[in-house]
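Open the model in your viewer, switch to a cartoon view and keep the selection box handy. We will walk through it one stop at a time.

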Amino acid sequence: MMERNVVSLETAKKLKAVGFPRVSMWHYSERMDPPDELFFTQSSGSTQFDIPAPTAQEIADRLPGLWSVMNSKVTSNYYAAYHGTGGDSVNAEADTLAEVLAKLLLKLVESGDLKPHKAHS
(Lines give C-alpha, C1' and ligand atoms only; values in the text may rest on other atoms or scores of the structure.)
Protein backbone atom coordinates (compact mmCIF):
# COMPACT_ATOMS: atom_id res chain seq x y z
CA MET A 1 0.00 0.00 0.00
CA MET A 2 1.48 3.28 -1.12
CA GLU A 3 -0.24 5.14 1.73
CA ARG A 4 2.29 3.60 4.14
CA ASN A 5 5.19 5.06 2.15
CA VAL A 6 4.11 8.70 1.93
CA VAL A 7 2.76 11.20 4.44
CA SER A 8 -0.96 11.60 5.16
CA LEU A 9 -2.98 14.36 3.48
CA GLU A 10 -3.05 16.32 6.76
CA THR A 11 0.74 16.13 7.13
CA ALA A 12 1.23 16.92 3.43
CA LYS A 13 -0.74 20.16 3.93
CA LYS A 14 1.45 21.12 6.91
CA LEU A 15 4.60 20.44 4.89
CA LYS A 16 3.28 22.48 1.96
CA ALA A 17 2.55 25.37 4.34
CA VAL A 18 6.24 25.57 5.28
CA GLY A 19 7.28 25.22 1.64
CA PHE A 20 8.37 21.59 1.62
CA PRO A 21 8.59 19.80 -0.71
CA ARG A 22 8.11 21.68 -3.92
CA VAL A 23 8.52 18.53 -5.96
CA SER A 24 7.47 14.98 -5.19
CA MET A 25 6.59 12.04 -7.40
CA TRP A 26 3.39 11.49 -5.36
CA HIS A 27 0.60 14.03 -4.83
CA TYR A 28 -2.82 14.52 -3.36
CA SER A 29 -5.23 16.71 -5.31
CA GLU A 30 -7.79 18.99 -3.71
CA ARG A 31 -9.83 18.69 -6.92
CA MET A 32 -10.24 14.93 -6.57
CA ASP A 33 -13.05 13.27 -4.68
CA PRO A 34 -12.00 11.99 -2.21
CA PRO A 35 -9.13 14.48 -1.86
CA ASP A 36 -6.91 11.94 -0.10
CA GLU A 37 -6.61 9.91 -3.31
CA LEU A 38 -2.91 9.62 -4.19
CA PHE A 39 -1.62 9.99 -7.71
CA PHE A 40 1.78 9.52 -9.27
CA THR A 41 3.39 11.99 -11.64
CA GLN A 42 6.66 12.05 -13.50
CA SER A 43 6.47 15.80 -14.04
CA SER A 44 8.14 18.09 -11.56
CA GLY A 45 5.67 20.95 -11.85
CA SER A 46 2.48 20.29 -9.97
CA THR A 47 -0.63 22.44 -10.19
CA GLN A 48 -1.75 24.82 -7.46
CA PHE A 49 -4.36 22.26 -6.45
CA ASP A 50 -1.79 19.53 -5.90
CA ILE A 51 -0.33 18.81 -2.50
CA PRO A 52 3.01 16.99 -2.71
CA ALA A 53 3.04 13.74 -0.70
CA PRO A 54 6.73 13.09 -0.02
CA THR A 55 8.18 9.67 0.68
CA ALA A 56 10.30 8.97 3.74
CA GLN A 57 13.42 9.16 1.53
CA GLU A 58 12.46 12.58 0.13
CA ILE A 59 12.07 13.90 3.67
CA ALA A 60 15.22 12.20 4.98
CA ASP A 61 17.22 13.87 2.22
CA ARG A 62 16.20 17.27 3.64
CA LEU A 63 16.86 16.62 7.32
CA PRO A 64 19.97 18.41 8.60
CA GLY A 65 22.72 17.14 10.84
CA LEU A 66 22.59 14.09 13.03
CA TRP A 67 19.28 12.28 13.43
CA SER A 68 18.12 8.73 14.03
CA VAL A 69 15.02 6.57 13.67
CA MET A 70 13.94 3.55 15.66
CA ASN A 71 11.01 1.20 15.10
CA SER A 72 9.45 -0.42 18.17
CA LYS A 73 8.44 -4.05 17.78
CA VAL A 74 6.18 -3.62 20.81
CA THR A 75 4.09 -0.66 19.64
CA SER A 76 4.90 -0.80 15.89
CA ASN A 77 5.54 2.94 16.12
CA TYR A 78 8.51 4.81 14.72
CA TYR A 79 10.53 7.16 16.91
CA ALA A 80 12.83 9.81 15.46
CA ALA A 81 15.34 12.03 17.21
CA TYR A 82 17.37 14.98 15.99
CA HIS A 83 20.56 15.65 17.89
CA GLY A 84 21.29 19.35 17.65
CA THR A 85 24.19 21.44 18.84
CA GLY A 86 24.65 21.87 22.57
CA GLY A 87 22.93 18.60 23.39
CA ASP A 88 19.51 19.80 22.24
CA SER A 89 17.30 17.07 20.89
CA VAL A 90 13.97 17.08 19.09
CA ASN A 91 11.82 13.95 19.13
CA ALA A 92 8.84 12.70 17.13
CA GLU A 93 6.64 9.61 17.08
CA ALA A 94 4.31 8.24 14.38
CA ASP A 95 3.04 4.99 12.92
CA THR A 96 4.90 5.19 9.58
CA LEU A 97 8.44 6.13 8.64
CA ALA A 98 7.33 8.96 6.33
CA GLU A 99 5.09 10.44 9.06
CA VAL A 100 7.74 10.35 11.79
CA LEU A 101 10.33 12.01 9.54
CA ALA A 102 7.78 14.65 8.47
CA LYS A 103 6.90 15.38 12.10
CA LEU A 104 10.59 15.71 12.91
CA LEU A 105 11.12 18.07 9.97
CA LEU A 106 8.12 20.21 11.00
CA LYS A 107 9.41 20.43 14.59
CA LEU A 108 12.84 21.49 13.31
CA VAL A 109 11.26 24.24 11.19
CA GLU A 110 9.22 25.33 14.24
CA SER A 111 12.31 25.41 16.49
CA GLY A 112 14.37 27.29 13.90
CA ASP A 113 16.87 24.45 13.39
CA LEU A 114 15.73 24.15 9.77
CA LYS A 115 14.85 27.12 7.60
CA PRO A 116 11.55 26.74 5.75
CA HIS A 117 11.27 27.39 2.04
CA LYS A 118 9.04 30.09 0.71
CA ALA A 119 5.71 28.47 -0.08
CA HIS A 120 4.31 28.91 -3.57
CA SER A 121 1.26 31.11 -3.77
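Keep in mind as we go that this is a predicted model. Start by selecting strand 1 together with strand 3 (residues 50-52): the two pair in the antiparallel sense over three bridges. Show the side chains of serine 29 and aspartate 50, since aspartate 50 in strand 3 is the bridge partner of serine 29.

Now add strand 2 (residues 38-40) to the selection. Strand 2 also pairs with strand 1 in the antiparallel sense, again over three bridges. Here the residue to click is phenylalanine 40, the bridge partner of tryptophan 26.

Stay on strand 1 (residues 26-29) a moment longer and show its side chains. Are its faces covered or uncovered? Both are covered: Trp26 and Tyr28 are buried on one side, while His27 and Ser29 are buried on the other.

Next, select helix 1 (residues 9-17) and colour Leu9, Thr11, Ala12 and Leu15, which are buried. Turn the view until you look down the axis of helix 1: its buried residues fall within an arc of 160 degrees, so they line one face of the helix. As background, an α-helix has 3.6 residues a turn, so residues three or four places apart point the same way. On the other side of helix 1 you will find Glu10 and Ala17, both exposed.

What do the buried residues of helix 1 pack against? Their partners are strand 1, strand 3 and helix 3. Before you leave this helix, click on glycine 19, just after helix 1, where phi is positive at about 85 degrees.

For the next stop, select strands 4, 5 and 6. They form an open sheet of three strands in the order 4-5-6, with antiparallel pairing. Strand 4 (66-71) and strand 6 (89-94) stand at the edges with a single partner strand each, so one side of each is left without a neighbour in the sheet. Look along the sheet for its twist, which averages 15 degrees from one strand to the next.

Zoom in on strand 5 (residues 78-83) and strand 6, an antiparallel pair joined by six bridges. Within this pair, tyrosine 82 stands opposite valine 90 of strand 6.

Finally, bring helix 3 (residues 97-111) into view. Helix 3 packs on the sheet and touches strand 4, strand 5 and strand 6. Compare directions as well: that of helix 3 makes about 145 degrees with that of strand 6.

Methods. Residues are numbered from 1 along each chain as its sequence is written. This is a predicted model: local features need pLDDT of at least 70, side-chain atom pairs count only at pLDDT 80 or more; totals for chains, interfaces and linings use all residues. Side-chain values use heavy atoms; hydrogens and water are left out. Two strands pair if DSSP finds at least two bridges between them. Helices (H or I, at least four residues) and strands (E, at least two) are DSSP runs, numbered from the N terminus. Axes are lines fitted to C-alpha atoms, for helices over the stretch in contact, and angles run from 0 to 180 degrees between N-to-C directions. Contact means heavy atoms within 4.5 Å. Buried means under 20% relative accessible area, exposed over 50%, partly exposed in between (1.4 Å probe, protein chains only). The arc is that of the directions from the helix axis to the C-beta atoms.
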